[in-house]
Amino acid sequence: MDYREFNRIVEAHSDALYRFALKNIKVAEDAQEIVQTAFERLWINRNTVDPEKSKAFLFRVAYNFTIDMIRKQRKEADMETTKFKEPSSEGADFKDLKRVLERALSKLSDIQRNVILLRDYEGYSYQEIGDILSITEAQVKINIFRGRKQLQEYLGRMEDYL
């Protein structure tokens, strides 16, 4: 892969990669770091990565780096002794649909959230999601089904607050 082909890949996939990272990590600077790291690793491995499979490679790197960042953030949060109490009235927190959906997505496991984001937000096929996350197509379908079911249950309960 030469620099022209690399630049073409950057143009083709950078926006989707950024959206994926931002939906998971929710901090713009961290999402930018994830995207930069993914493209850096693609450049480092440019001689071994098939350009046709660069999208799967990029999303796999972004996914793995995102998981690492989330684990690091959780570890840092656990180390803090101060705990913040959530407001007792959840209805006050959910003034708009976007926050409701973000809250619902945060209730899902990492794998369920990621398969739903890749399928429903980014429009990837089951096979592409499996390649990105290094799981089988059947596991993708199972996680999408379970994640959507949990979202449906959570959002159904939230109707009472809206």
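1. A good place to start is Arg 19, which counts as partly exposed at 41% relative accessibility. You will find Arg 19 in helix H1. Please keep in mind as you look around that this is a predicted model. Across the sequence, Arg 19 and Val 35 are 16 residues apart, while their C-alpha atoms are 9.6 Å apart in space.

2. Stepping back to the whole chain may help with orientation. The protein chain has eight helices and zero strands. Read from the N terminus on, its elements therefore run α-α-α-α-α-α-α-α. Two domains come into the picture as well: domain 1 covers 1-79 and domain 2 covers 82-162.

3. Next, a few totals for the chain. Of its 162 residues, 37% count as buried. The protein chain exposes about 10,400 Å², and carbon and sulfur atoms supply 49% of that area. Take the contacts between residues at least 6 apart in sequence: 66% of these join residues at least 24 apart.

4. Helix H1 deserves a slower look, and Tyr 3 is one of its residues. Is Tyr 3 buried, exposed or partly exposed? With a relative accessibility of 49%, Tyr 3 counts as partly exposed, because the exposed class asks for over 50%. Tyr 3 and Trp 43 are 40 residues apart along the chain, yet 8.7 Å separates their C-alpha atoms.

5. His 13 also belongs to helix H1. Here the relative accessibility is 17%, so His 13 counts as buried, the cut-off being under 20%. Which residues does His 13 touch, once its neighbours within four places in sequence are left aside? The contacts are Phe 39, Ser 54, Lys 55 and Leu 58.

6. Now for the second largest pocket, where Arg 19 turns up again. About 200 Å³ of space lies in this pocket. Its lining consists of Arg 19, Leu 22, Lys 23, Lys 26, Lys 98, Glu 102, Leu 105, Tyr 121 and Glu 122. By class, the lining residues divide into three nonpolar, no polar and six charged.

7. Where does that lining come from in the chain? Helix H1 (3-25) and helix H5 (97-106) each supply at least two of the residues. In terms of domains, the lining draws at least three residues from each of domain 1 and domain 2. When you view the pocket, it is worth colouring the two domains separately.

8. Lys 26, another member of the pocket lining, has a backbone detail to check. Although Lys 26 is not a glycine, it has a positive phi of about 65°. Lys 26 is found in the loop between H1 and helix H2 (28-44). Its relative accessible area is 42%, so Lys 26 is partly exposed.

9. Ser 134 has a positive phi too, at about 60°, and is likewise not a glycine. The residue lies in the loop between helix H7 (126-133) and helix H8 (137-158). How does Ser 134 stand in terms of exposure? Its relative accessible area is 52%, which means that Ser 134 counts as exposed, the class for values over 50%.

10. To close, here is a short route for a return visit. Begin in helix H1 with Tyr 3, move to the buried His 13, and go on to Arg 19 at the pocket lining. From there, Lys 26 leads into the loop between H1 and helix H2. Finish at Ser 134, in the loop between helix H7 and helix H8.

Terms used:
Residues are numbered from 1 along each chain as its sequence is written. This is a predicted model: local features need pLDDT of at least 70, side-chain atom pairs count only at pLDDT 80 or more; totals for chains, interfaces and linings use all residues. Side-chain values use heavy atoms; hydrogens and water are left out. On a 1 Å grid over the protein atoms alone, a cavity is a set of points where a 1.4 Å probe fits but cannot get out, and a pocket is an open set with protein on both sides within 12 Å along at least five of seven lines; lining residues have an atom within 4 Å of a point. Grid points are joined across faces, edges and corners, and a volume is the space filled by probe spheres set on the points. Helices (H or I, at least four residues) and strands (E, at least two) are DSSP runs, numbered from the N terminus. Ala, Val, Leu, Ile, Met, Phe, Trp, Tyr, Cys and Pro count as nonpolar, Asp, Glu, Lys and Arg as charged, and the others, Gly among them, as polar. Domain bounds come from an automatic or database domain assignment. Buried means under 20% relative accessible area, exposed over 50%, partly exposed in between (1.4 Å probe, protein chains only). Contact means heavy atoms within 4.5 Å. Accessible areas come from the Shrake-Rupley method with a 1.4 Å probe; for residues, only the protein chains shown count as cover.
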